[in-house]
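Student: Please take one part of this model and look at it closely, with its surroundings. I would like cut-offs stated wherever a term depends on them.

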Amino acid sequence: MSEQEEHIKGFLNSSTYDQLSANQQKHAQNILTRFNKYMTEEHQLDDTAWTPQAVQQVMVGQFIADPALTNSFGIAVAPVLKAYQKFLGNKQLGAIEKAIDKQRPVMNKCRKAHQTLAELNGEPQKSAASDPKNHEAPQKDQPANESVSEELKQPTAPVKLIPAGKMKQEITRIKKEVATAPEFKEKDLSIADQQYLVAEFLQLMYQECHQGINQWRFADLQLVLGMMMPLDPNITKLEILNIVPTAQALFDYLKRTDQIDMEQYRVALKSIAHMQTSQNMLASIERRQRTTQLMLSYIQSQGVDTDNVNKTEKWMDAHQSQVATFMRSILSPWGEYERQQLHKRQQATRQPVPVEKDRQLLRKKRVPQGIKFSKKRRKKRKK
């Protein structure tokens, strides 16, 4: 048994653990085993040396990337991590607790994005890594050793962003190289259309996710490629069908030219591995319907049967803020377009609806004239 497994076992038998809720205790061992695994792989830190920055990065990385992780798991993460660090007596406990609380909403957003894309792609959401039978907290007399399925590591690139001006130059350079790179030859899209998709992808990853080249995270790759780009008001249906092939060509090109490392390449390829099915479906409908479909897929990912209208409406009424946050996240790049469409709809409702008049009333009428009797008629009346 490793030192970290000994620490988890000690925690599960401590009074600190006893103070957790039933739900937190249920998921504690799974949370800590997964978190320690990725903290070691991604930052080479054991559980007594966590830093606030490393904790925040692990919370939104592969640790939360399994779409089978439930809402109750997500709710339990923050209190379990804080209790564990308190038990271990980390000297940076205060800063770590603040970092965890600050990153918690972002982590849950990432978890829900994974579930939504899994729902769109028709992927099974149950896995060994999240099966509660395999990861329920043991009783006091049970060992704390736990095996977790192998998953891809996140790229170890520095998190510092390059300046916006420098990123703009990088996008322009790559866009030009797309025209001659062999990876983009003999595709269904023209070079100009592939350049458009490549530039948009790089810009959205930088603008919306604050990640430059070789800094991309799995959840954000799926968010941008699978949900944001298909909602571009200017994108064509053919371009939607070719988001995945163009992304793969870009990843291949960046790997060949040593602009991304092997770990980033593997994470990037994994993010699009099962995405084409959902892109085919989104390309077959209009933009407003795509927005609705993504929202329904998100609701389905929360365990709601969307075929039952009453249950769906009841769930949406009870989770209005949650749904609104998700919709804002996927529509964020297209805010100006959405505002223009809203303004048009508001203007349309303010304008009076023209009433169609009777066609007979619109016909030109003669000027009314008085009745004129003939002289013969007047003579008869005098008699």
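Tutor: In helix α13, which spans residues 262–271, the buried residues are Glu263, Gln264, Tyr265, Val267, Ala268 and Ser271. Buried stands for under 20% relative accessible area, exposed for over 50%, and partly exposed for what lies in between, with a 1.4 Å probe and protein chains only. Helices are DSSP runs of H or I with at least four residues, strands are runs of E with at least two, and both are numbered from the N terminus. The model is predicted, and local features need pLDDT of at least 70, side-chain atom pairs count only at pLDDT 80 or more, and totals for chains, interfaces and linings use all residues. Residues are numbered from 1 along each chain as its sequence is written, and side-chain values use heavy atoms, with hydrogens and water left out.

The cover over the buried residues of α13 includes α10 and α12 (243–256); contact here means heavy atoms within 4.5 Å. At the N-terminal end of α13, aspartate 261 acts as the cap, with a side-chain oxygen 3.3 Å from the backbone nitrogen of glutamate 263. This falls under polar contacts, which are pairs of N or O atoms within 3.5 Å; within protein, one atom must be able to donate a hydrogen and the other to accept it, and residues adjacent in sequence count only if both atoms are side-chain atoms.

Since α10 is part of that cover, its other packing partners come next. Two packed helices are described by the angle between their axes and the distance between the axes. The axes are lines fitted to C-alpha atoms, for helices over the stretch in contact, and angles run from 0 to 180 degrees between N-to-C directions.

Helix α10 (residues 218–228) packs with helix α9 (residues 191–207) at about 130 degrees, the axes being 10 Å apart. The two are therefore oblique to each other: under 35 degrees counts as roughly parallel, over 145 as roughly antiparallel, 65 to 115 as roughly perpendicular, and the rest as oblique. Their crossing is right-handed, that is, the near helix is turned clockwise from the far one by less than a right angle; anticlockwise would be left-handed. From α9, Phe201, Leu204 and Met205 meet Asp220, Leu221, Val224, Leu225 and Met228 of α10. By class, the residues of this contact are 7 nonpolar, no polar and 1 charged. Ala, Val, Leu, Ile, Met, Phe, Trp, Tyr, Cys and Pro count as nonpolar, Asp, Glu, Lys and Arg as charged, and the others, Gly among them, as polar.

Helix α17 (residues 320–331) is another partner of α10: the axes come within 9 Å and cross at roughly 85 degrees. That angle makes α10 roughly perpendicular to α17. Leu223, Met227 and Met228 of α10 form the contact with Phe326, Ser329 and Ile330 of α17. These residues divide into 5 nonpolar, 1 polar and no charged.

Further along the chain, serine 278 sits in helix α14 (residues 276–283). Serine 278 counts as buried because its relative accessibility is 0%. Its side chain reaches the backbone oxygen of methionine 275 at 2.8 Å.

For contrast, there is a loop residue elsewhere: glutamate 186 lies between α8 (164–178) and α9. Its phi is near 55 degrees, a positive value in a residue other than glycine. With a relative accessible area of 83%, glutamate 186 is exposed.
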